[in-house]
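Here are my notes on this one, as promised. I went through it point by point, so feel free to jump around.

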Amino acid sequence: MPMNRPVATALAAALCLLTAACGSSSDGKAGDATAEAAASKTGYPVTLDNCGQKETFDKAPGRVVVMNGASVAEVSTLLALGLGDRIVANQQTYGNSEVPGRAEAIEKLPDGGVKQNDAFDVPRETMIGLRPDLVLSTTAYGFDEKNGFATRDQLKDVGAHSYVSPQGCDQDTSKMTIADSYRLLRDMGKVFNVSDKAEELIAASEKKIAAVADEVKGEKKPKVMVLFSNMSMGGNDFSSVVAKGIYNDILAEAGGANAFENASEGSFADLSKEKVAATDVDALVVIGYNDPDPAAYAEKLLKEFPQWPAARNSTYVTLSDSMYLGPSNDLAVEKIAKMLHPDAL
């Protein structure tokens with residue numbers, strides 16, 4: 001099956017037919033100039049260096065598969081950029097969102113009829129059958145052959161591009177920051193030739209976060225416990241407690257600090273009930289991952305540890321997608337700041 005020529009080349013060829021200008025220079029400079037002009041006009045080709053692998057796009061993808069990855073970063077970014085119609089199979093959902101209408105928009109996206117494998121994502125054969133031209137994964141885990149997934153090389157063999165989101169190359173998100181959310185927006189803006197929209201979203205987010213940070217500057221920083229509701233990822237009672245990552249960057253901008261930042265070198269701490277009880281917690285941030293009532297979990301936790309300052313003042317907020325990689329971190333900063341510093345905002 002013949003491969004489509006890059007957009008820039010096709011446009012250059014069309015110009016040749018219309019003007020008979022191509023080939024008029026013996027050294028080929030006129031043809032090169034035409035190709036460069038066409039590329040500038042269309043925005044393509046675009047090359048990203050992604051986890052050490054170069055991905056060159058000659059046109060905007062039209063059949064995108066969004067892998068699960070226990071994330072909504074990628075699908076939310078595409079929706080924020082107005083690209084929902086490019087998705088042929090989405091596996092991401094948090095069940096709720098701080099952005100009005102987003103959870104419903106995600107729910108309406110096609111899932112491609114995918115039956116996830118034992119690793120909770122799209123199996124290799126199913127992926128190939130979806131005929132994607134771009135596959136998005138939060139971390140390199142989504143392209144690991146040992147998990148039954150299609151590798152990046154296997155996808156390339158069938159004409160599909162692949163992309164691992166920022167800080168996901170080595171599957172360690174402990175160094176993730178708000179800047180990585182902006183990088184994801186910028187990368188998708190380039191890939192789909194909607195960079196103006198991406199920069200508009202980034203500028204609005206930066207402005208709102210800067211305004212909040214300025215209001216809480218100089219205030220005492222309460223110690224905050226961040227955890228996912230009703231989720232177990234380890235052997236102890238509290239295995240979904242956040243230690244490091246983008247969460248801490250969001251807390252800092254909101255005028256807070258992570259009470260358990262030093263409890264683990266990785267993104268999450270696996271803590272005993274005794275360790276949690278012995279720590280002063282001034283406030284709770286409960287992240288609802290497909291939990292219909294994270295507030296009930298927060299209330300239960302505050303009753304379980306009445307010695308916490310957070311319990312005495314019932315200081316908590318429930319969040320979902322804004323607290324993770326994605327286009328809406330400014331909403332998390334604002335909501336947390338209002339909880340921690342109500343008199344400053």
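Quick one to start: is S314 buried, partly exposed or exposed? With a relative accessible area of 39%, S314 comes out as partly exposed. Keep in mind throughout that this is a predicted model.

1. **S314 and its backbone.** While we're there: S314 sits in the loop that links α12 to β12. Its phi is positive, about 50°, although S314 is not a glycine. As background, most residues other than glycine have a negative phi, and most peptide bonds are trans.

2. **Two more backbone spots to look at.** F120, in the loop between α4 and α5 (124-129), also has a positive phi, near 65°, and is not a glycine either. F120 counts as exposed because its relative accessibility is 57%, and the cut-off for exposed is over 50%. The other spot is the peptide bond from Y44 to P45, which is cis with omega near 5°. P45 belongs to the loop between α2 (29-42) and β1 (46-50).

3. **The overall picture.** The chain has 345 residues, and 48% of them are buried. Its secondary structure comes to 13 helices and 12 strands. If you take contacts between residues at least 6 apart in sequence, 68% of them join residues at least 24 apart.

4. **The parallel sheet.** Four strands make an open sheet, ordered β4-β3-β5-β6, with parallel pairing. The edges are β4 (87-90) and β6: each has a single partner strand, so one side of each lacks a neighbour in the sheet. From one strand to the next, the twist averages 15°. If you want to check the register, β3 (residues 64-66) and β4 pair over three bridges, with V64 opposite I87. β3 also pairs with β5 over three bridges, and there V66 faces L136.

5. **β5 and its way to β6.** What covers the two faces of β5 (residues 134-137), buried or exposed residues? Buried ones on both: L134 and L136 are on one side, V135 and S137 on the other. In a regular strand the side chains alternate between the two faces of the sheet. β5 pairs with β6 (residues 161-164) over four parallel bridges, and V135 stands opposite S162. Between these two strands the chain passes through helix α6 (residues 152-157), giving a right-handed β-α-β crossover.

6. **The loop after α6.** V158 is in the loop between α6 and β6. V158 counts as partly exposed, at 46% relative accessibility. Its C-alpha atom is 8.7 Å from that of P132, although the two residues are 26 apart along the chain.

7. **Helix α3.** Seven of the eight residues of α3 are buried, so this helix is largely enclosed by the rest of the structure. The buried set is A73, E74, V75, S76, T77, L78 and A80; yes, a glutamate is in there. These residues pack against β3, β4, α4 (102-108), β5, α7 and α8 (195-216). After α3 comes G82, with a positive phi near 75°.

8. **α7 and the cores.** Helix α7 (residues 178-191) lies across β5 and β6 and runs at about 165° to β6. The largest nonpolar core has 55 residues, and L78 and M188 are among those with the most contacts inside it. Beyond its neighbours within four places in sequence, M188 touches T77, L78, L81, L136, Y163 and V194. There is also a second, separate core of 19 residues, which includes V276, V281, V286 and Y297.

9. **Helix α11.** Which residues of α11 (residues 294-304) are buried? They are P294, Y297, A298, L301 and L302. Their arc around the axis is only 135°, so they lie on the same side of α11. An α-helix has 3.6 residues a turn, so residues three or four places apart point the same way. K300 and K303, on the other side of α11, are exposed. The buried residues pack against β7 (223-228), β8 (238-242), β11 (283-287), α12 (309-313) and β12 (316-319).

Notes: Residues numbered from 1 in each chain as written. Predicted model: local features only at pLDDT ≥ 70, side-chain atom pairs only at ≥ 80, totals over all residues. Heavy atoms only, no water. Buried < 20%, exposed > 50% of the residue type's maximum accessible area, 1.4 Å probe, protein only. Pairing = 2+ DSSP bridges. Right-handed = clockwise from strand over helix to strand, strands pointing away. Axes fitted to C-alpha atoms, helices over the stretch in contact; angles between N-to-C directions. Contact = heavy atoms within 4.5 Å. Arc of directions from axis to C-beta. Core = buried A, V, L, I, M, F, W, Y, C linked by side-chain atoms within 4.5 Å.
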